[in-house]
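Visitor: I have a structure here that I would like to understand. Could we go through it together?
Guide: Certainly; please put it on the screen.

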Protein chains: 2
Amino acid sequence: MIFEFAKRRRTIRKFNNNIPPLNDILYAISTAKEAPSGMNSQPWHFLLITNQKIKDKIREIAEKAEKTFYENSKGKLKNFLLNHNINWKKEFLSNAPYLILVFSDKRFPFSKESTWLSIGYMLLALEEKNLSTVTYTPPNPKEISKIVNAPTLYNLEVILPIGYPNENKKKLSRKKLEKILNYDKF
Amino acid sequence: MIFEFAKRRRTIRKFNNNIPPLNDILYAISTAKEAPSGMNSQPWHFLLITNQKIKDKIREIAEKAEKTFYENSKGKLKNFLLNHNINWKKEFLSNAPYLILVFSDKRFPFSKESTWLSIGYMLLALEEKNLSTVTYTPPNPKEISKIVNAPTLYNLEVILPIGYPNENKKKLSRKKLEKILNYDKF
């Protein structure tokens with residue numbers, strides 16, 4: 001069952017205008033906060049954004065840095081981006097009905113690790129509610145943290161734009177199990 | 001449903017002698033590999049250990065470093081460890097029927113983040129199969145990587161000892177949602 005959700009889930013960058021129930025969003029965050037963490041420190045913090053002006057501002061600041069990032073990309077990365085039709089424009093930051101910004105609290109050991117583990121929980125809970133997202137990591141997390149007045153103790157780990165899909169995408173394929181698994185020794 | 005598994009799951013450090021079906025272990029790894037990753041790089045690698053000699057060796061090397069770590073721990077960390085009856089002994093490394101070592105491939109951007117997200121997937125899949133674990137992060141991952149001949153491009157992120165529980169533990173409580181969630185701005 002968990003496998004089925006994991007298998008079914010694919011990254012979505014285009015969202016339609018239907019607004020998901022707030023309860024489904026809170027369900028996913030409630031799931032994330034059940035994750036384990038070093039010393040049970042629960043070093044995560046979530047910011048749920050629906051205000052259009054704040055979303056627009058985040059998009060503006062992120063896209064400014066994305067332009068530079070894309071101009072400087074080369075090799076494999078550049079090819080991947082071209083082949084997958086990904087560019088500096090991040091419409092989803094202003095178009096998705098919800099943004100969840102996920103922060104880790106630097107004061108705790110393994111805060112990054114624990115927070116990303118909790119993001120894994122969240123993605124599966126979103127999938128269960130038929131909600132789509134992309135794990136978007138902006139090139140300039142600190143600038144974006146400032147816009148939303150995040151305490152400097154927090155690292156912005158990811159932005160999850162959330163909504164219902166407005167694109168028909170196949171999931172990118174995964175390697176076979178034998179390619180990523182060894183027994184006893186390498 | 002995902003929430004129920006997340007809520008139910010608790011960390012277990014003591015395992016009984018019953019050996020879980022290999023298929024349940026492979027189910028959890030198969031779930032983990034469906035996780036998203038930057039550029040779909042799938043920067044994770046899993047090592048599944050059942051060989052007793054290798055488990056014993058890992059325990060020996062980890063415990064040597066743990067002794068130093070515990071001798072040097074102080075303050076909040078020391079109190080947490082004492083209160084939760086955690087010490088330098090890591091019996092689970094040799095007693096658990098299975099160890100999964102999870103590595104991230106340093107060559108890819110966001111390899112740590114993606115790998116920990118996939119560990120989140122794995123924990124929920126294990127819980128679905130009524131399997132228990134603890135996300136154990138040894139103080140000396142490089143020494144342990146050497147024992148199992150891991151390529152130096154790989155970082156050992158976590159060791160998951162897996163089996164059925166031999167302790168009756170309550171899950172440590174989590175903060176209320178309102179403590180970890182803000183709306184629109186901090």
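Visitor: How much area do chain A and chain B bury between them?
Guide: This is a predicted model, and in it chain A and chain B bury about 6600 Å² between them. Of that area, 65% lies on carbon and sulfur atoms.

Visitor: Which residues of chain A lose the most area to chain B?
Guide: They are Glu34(A), Asp184(A) and Phe186(A), which together make up 12% of what the side of chain A buries.

Visitor: And how many residues are in contact?
Guide: On chain A there are 70 residues in contact with 70 residues of chain B.

Visitor: How many polar contacts and salt bridges are there between the chains?
Guide: Between chain A and chain B, 48 residue pairs are in polar contact, counting pairs with both residues at pLDDT 80 or more. Six salt bridges are found across the interface. One salt bridge joins the side chains of Lys112(B) and Glu113(A), with 3.2 Å from N to O.

Visitor: Which helix of chain A gives the most to the side that touches chain B?
Guide: That is helix 6 of chain A, with 11 residues. Other elements of chain A also supply at least two residues each, among them helix 2 (22–32), helix 4 (75–83) and strand 4 (181–183).

Visitor: Let me change topic to the strands. In what order do they form the sheet that holds strand 3 of chain A?
Guide: The order is 3(A)-2(A)-1(A)-4(B), an open sheet of four strands with mixed pairing. The twist averages 20° from one strand to the next.

Visitor: Which strand of chain B pairs with strand 1 of chain A, and in what sense?
Guide: Strand 4 of chain B pairs with strand 1 (residues 44–49) of chain A in the parallel sense, over three bridges. As an example, Leu48(A) has Tyr183(B) as its bridge partner.

Visitor: What lies across that sheet?
Guide: Helix 6 (residues 111–128) of chain A lies across strands 1, 2 and 3 of chain A. Helix 6 runs at about 155° to strand 2 (98–105) of chain A.

Visitor: What is the strand order in the sheet that holds strand 4 of chain A?
Guide: Four strands form that open sheet in the order 4(A)-1(B)-2(B)-3(B), with mixed pairing.

Visitor: Why is one side of each edge strand left without a neighbour there?
Guide: Strand 4 of chain A and strand 3 (154–162) of chain B stand at the edges and each has a single partner strand, so one side of each has no neighbour in the sheet.

Visitor: How do strand 2 and strand 3 of chain B run, parallel or antiparallel?
Guide: They run antiparallel, and eight bridges join strand 2 (residues 98–105) of chain B to strand 3 of chain B. Within this pairing, Tyr98(B) stands opposite Ile162(B). Helix 6 (residues 111–128) of chain B packs on the sheet and touches strands 1, 2 and 3 of chain B.

Visitor: Last topic: which feature does UniProt place at residues 7–164 of chain A?
Guide: An unreviewed UniProt entry places "domain: Nitroreductase" there. Over those residues, chain A is 46% helix and 15% strand. The end C-alpha atoms of that stretch are 18 Å apart.

Conventions
Residues numbered from 1 in each chain as written. Chains lettered and ligands numbered in written order. Heavy atoms only, no water. UniProt positions renumbered as here; feature names shortened; annotations may be inferred. Pairing = 2+ DSSP bridges. Axes fitted to C-alpha atoms, helices over the stretch in contact; angles between N-to-C directions. Contact = heavy atoms within 4.5 Å. Buried area = accessible area lost by both parts, 1.4 Å probe. Salt bridge = Lys/Arg side-chain N within 4 Å of Asp/Glu carboxyl O. Polar contact = N/O pair within 3.5 Å; in protein donor to acceptor, adjacent residues only side chain to side chain.
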